Structure formats: structure tokens, C-alpha cells
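Got the viewer open? Keep the selection box handy and let's take a walk through this one.

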Amino acid sequence: MRIAVAGATGNIGARTAAALEQAGHEVARISRSLGVDLTTGEGLEAALTGVDAVVDATSYEAADRDQAVAYFGTATRNLLTAEERAGVRHHVLLSIVGIDRVEGNAHYAGKREQERLVAESPLPWTIVPFTQFHDFAATMTSWTEHDGVAPIPPLLVQPIAPADVADILAEIATGTPQGRYRDVAGPDPQDLVDMARRTNDARGHTVKLVPTWSSLLGPEMAGDVLLPGKDARIAPTTFDEWLAHEGAEA
């Protein structure tokens with residue numbers, strides 16, 4: 001199959017493209033750095049020529065809700081319109097577990113808009129909600145650290161390895177459209193503060209972690225809000241395994 005990966009130079013997109021190629025598929029990489037701009041549509045027609053399926057693994061970080069909704073809305077409309085013209089038969093969207101339970105997060109608002117547009121599209125689609133990734137704690141620390149101190153929310157998460165996310169996206173993209181897929185998560189619930197501490201220790205990075213809800217994420221994400229549903233698909237790689245093999249790499 002010929003499969004396009006949007007966000008192909010990102011954390012998940014690059015891994016997904018590699019997983020698809022390893023399985024013998026041809027990959028069309030969609031990224032602004034590669035000359036394809038989802039916000040303008042530049043380069044999309046050529047990138048989607050002969051494409052059977054598209055995996056949308058794009059990401060966008062914005063503190064402003066309207067900005068996030070506008071970005072995801074524009075990029076998704078352009079991508080879906082170009083796919084329809086190109087005769088693409090399957091659109092696969094990487095999404096996030098719990099976005100319907102959190103109102104105040106700008107990124108989640110953008111992802112909800114993205115899901116809405118995909119679900120209303122005439123194209124056959126699969127939306128795959130994943131939990132947070134194993135490297136999320138380190139990412140959160142890097143966002144908030146200042147003068148050796150990093151505020152971090154005491155979230156309860158059930159994180160998944162980025163490589164497992166890529167493998168599952170590649171598997172789904174080569175299959176038939178399934179509509180809304182069940183939640184996908186890692187094997188074990190984790191405390192985000194503990195994850196950050198262990199990742200920093202493995203990387204030899206010294207930082208004082210301050211658990212607080214006055215950081216980037218608020219108490220509406222507390223409790224089981226970010227945990228997967230009961231029928232979730234459980235990916236194999238534990239946080240300990242990821243930390244031993246990949247997590248120590250800064």
C-alpha cells in the first residue's frame with residue numbers, strides 16, 4: 001500500500017512512517033519541513049497521489065483555545081478535502097483519551113474539532129484515542145522548569161510507549177476503516193510526578209519537582225479523567241521497560 005503520514009517528522013509520525021516501511025509499505029511523508037503545508041494546502045495534491053490511506057499524527061501546541069481550534073480545523077479541512085480529491089480510502093486520526101472530559105485545555109479543544117471534522121467527513125475513517133506517552137512527564141518538566149524548579153501536576157495516567165503507538169497506527173492504517181476505535185493505553189497506571197522523577201534520574205538531570213495544580217494542567221484532569229475505558233486495548237511496553245531502553249536518552 002501507499003500510505004501518507006501527516007506530521008511525519010514528529011515523535012509519533014516518524015515512528016509510524018518507519019513502522020509502515022518496515023512492513024513493506026510505501027510512505028508519503030507530509031510535513032511543512034518537507035514542503036507540504038497543511039495550513040495552506042501547498043504540496044498536498046502531489047503528496048497524496050496514489051495514496052490508499054492517510055495517518056494524521058500532526059500535533060500543535062497552543063495556550064490559546066481559539067488558536068488551537070483554528071489550526072486543527074484549517075489543517076484537517078485541507079487534508080480531508082485533498083484526500084477526497086485524491087481518492088483516499090481510509091483516514092486514520094491519532095487522538096487522545098479523555099478529551100471529551102476536559103473543557104479548559106486548549107490542545108484538547110483543538111483535538112475535539114479535529115475529531116468532529118473527521119467524523120463528519122464522507123471519507124471512511126478510524127479515530128484512535130491513545131493515553132499519554134511514556135515521555136510525557138519529561139516533556140511536561142521541560143515546559144515548566146525554571147531555575148532548577150519544575151511545577152508539575154499530580155496526574156494519574158496510564159502511559160503508552162511511542163513505539164507501540166506507531167505500531168498500532170500502522171496496523172490500523174493497513175486495515176479496514178473502523179469508525180471510533182476503543183481506547184488504547186499502556187499496561188499500568190502511573191503517577192506523573194513519579195514518572196518525571198524517574199525519567200530525570202535516568203537521564204542524570206537534576207530538577208526539583210513541585211506537585212501542583214497551578215501549573216499548565218488543572219484539577220479537572222484529576223482522578224480517572226485521563227485513564228482508558230474498561231474495554232481498552234493494552235499495548236505491551238511498560239514504563240519500566242521504556243525507561244530502561246529509551247527513556248534514559250535525553
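Which residues does Gln132 touch, not counting residues up to four places away in sequence? Select Gln132 and show its surroundings: you should find Ile96, Tyr108, Val157, Pro159, Ile160 and Leu226. Bear in mind as you click around that this is a predicted model.

**Stop 1: Gln132**

Gln132 sits in the loop between β5 (125–130) and α5. Is it buried or exposed? Its relative accessibility is 14%, so Gln132 counts as buried; the cut-off for that is under 20%. Now pick out Tyr108 from the neighbours: its side chain and that of Gln132 are joined by a polar contact of 2.9 Å.

**Stop 2: helix α5**

Follow the chain on from that loop and select residues 136–144, which make up helix α5. Colour the buried ones here: Phe136, Ala137, Ala138, Met140, Thr141 and Thr144. What covers them? Among the elements doing the covering are β6 (149–152), α7 and β11 (208–211).

**Stop 3: where α5 meets α7**

Add residues 192–202, helix α7, to the selection. The axes of the two helices come within 8 Å and cross at roughly 85°, which makes α5 roughly perpendicular to α7. To see the contact itself, show side chains for Phe136, Ala137, Ala138 and Thr141 on α5, then Leu192, Met195, Ala196, Thr199 and Asn200 on α7. By type, the residues of this contact split into six nonpolar and three polar, with no charged ones.

**Stop 4: α7 from end to end**

Hide α5 and stay with α7. Its buried residues include Leu192, Val193, Met195, Ala196, Thr199 and Asn200. Turn the view to look straight down the axis of α7: the buried residues fall within an arc of 160°, so they line one face of the helix. As a reminder, an α-helix has 3.6 residues a turn, so residues three or four places apart point the same way.

Then check both ends. At the start of α7, zoom in on Asp191, where a side-chain oxygen comes to within 3.0 Å of the backbone nitrogen of Val193. Past the other end, click Gly204, which follows α7 and has a positive phi, near 70°.

**Stop 5: His245**

Last selection: His245, in helix α8 (residues 239–247). With 62% relative accessibility, His245 counts as exposed. What does its side chain reach at 2.8 Å? Display the backbone of Glu241, and there is the partner: the backbone oxygen of that residue.

Notes:
Residues are numbered from 1 along each chain as its sequence is written. This is a predicted model: local features need pLDDT of at least 70, side-chain atom pairs count only at pLDDT 80 or more; totals for chains, interfaces and linings use all residues. Side-chain values use heavy atoms; hydrogens and water are left out. Axes are lines fitted to C-alpha atoms, for helices over the stretch in contact, and angles run from 0 to 180 degrees between N-to-C directions. Helices (H or I, at least four residues) and strands (E, at least two) are DSSP runs, numbered from the N terminus. Angles under 35 degrees count as roughly parallel, over 145 as roughly antiparallel, 65 to 115 as roughly perpendicular and the rest as oblique. Contact means heavy atoms within 4.5 Å. Ala, Val, Leu, Ile, Met, Phe, Trp, Tyr, Cys and Pro count as nonpolar, Asp, Glu, Lys and Arg as charged, and the others, Gly among them, as polar. Buried means under 20% relative accessible area, exposed over 50%, partly exposed in between (1.4 Å probe, protein chains only). The arc is that of the directions from the helix axis to the C-beta atoms. A polar contact is a pair of N or O atoms within 3.5 Å; within protein, one must be able to donate a hydrogen and the other to accept it, and residues adjacent in sequence count only if both atoms are side-chain atoms.
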